[in-house]
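Trainee: Could you take me through one part of this model up close? I'd like to start with a single loop residue and work outwards from there.

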Amino acid sequence: MSKKAPGNTASRTGWPDVVQGLEDYLLYLRDEGVREVEADPEQVRRLSEPPVAPAPAEDATLADGLAGIAERVTACTLCPLHKSRTRTVPGQGSITPEIFFIGEGPGADEDRQGLAFVGRAGQLLTKIIEAMGLTREQVFIGNIVKCRPPGNRTPLPEEMQACLPYLREQIAILKPRVIVGLGATAVKGLLEVETGITRLRGRWMSYEGIDLMPTFHPAYLLRNPAGKREVWEDMKAVLARLGRTPPPRT
Ligand code: SF4
């Protein structure tokens, strides 16, 4: 008679609990007369590894660094956009993201809430992230400028130049493996290229040694849904670069 060993569904940081639970289960099976169990070799290998200890001091340093930038952004008056903003939008997400999604600037919803990509375009970005098998909490989401341009106009070159040091600092702290540039303004802000997004998208670029994938902005996709197919191709390339595969489509 054989029984299946339970899968390890606990987090790596819960390793001792998992081992204890497994031991209790095996003792129970032995008492029941079971002499053989099936086990997934990969699960056994993972259980034999020491747990990955969290690095609270390092995480606190990263969080402090980001909070420090957000504080300076809140008080910033370096460009005229500060005059019309309701709230600054420094960006939010994981402090150890593999991917940093960067857009152009906050819109009306973002300006009201102080959060990046929370309006209709943000909801579409959430769907894209989830289709990649990730959550918003696992990535970082921000913009080239941290204050809303009036009427959602494109930020002016001097506004982008004034704001870019904040973004550069964020990238230096977060050290993402991949940057996704959402729309031409984001790519132009980071790399000072003038090429349109239609020609840029889908072609790997590099920012300070970090792989950068340009793709369409979700707001563009709301107006041109046909572009979703190309964005999905770009996101599959991002996942492949990270050694990930997209989950099955439901
Ligand atoms: S957009 Fe950037 S540079 Fe301009 S006021 Fe806001 S935070 Fe400062």
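Mentor: Sure, let's start with Asn152, which sits in the loop between β5 (140-143) and α6; helices here are DSSP runs of H or I with at least four residues, strands are E runs of at least two, and both are numbered from the N terminus. Before going on, keep in mind that this is a predicted model: local features need pLDDT of at least 70, side-chain atom pairs count only at pLDDT 80 or more, and totals for chains, interfaces and linings use all residues. Residues are numbered from 1 along each chain as its sequence is written.

Asn152 is not a glycine, yet it has a positive phi of about 60°. It counts as partly exposed because it has 14 C-beta neighbours inside 10 Å; with C-beta atoms placed from the backbone, 20 or more others within 10 Å makes a residue buried, 12 or fewer exposed, and anything in between partly exposed.

Glu192 also has a positive phi, near 55°, and is a residue other than glycine. Its place is the loop between α7 and α8 (197-200), and Glu192 counts as exposed because there are 10 C-beta neighbours inside 10 Å.

Now step into helix α7 (residues 184-191), where you'll find Lys188. Lys188 is buried, because 22 other C-beta atoms lie within 10 Å. Leaving out residues up to four places away in sequence, Lys188 touches Val193 and Glu194, contact being C-beta atoms, placed from the backbone, within 7 Å. As for Ile144, 44 residues from Lys188 along the chain, the two C-alpha atoms are separated by 9.6 Å.

How values were computed:
Contact = placed C-beta atoms within 7 Å.
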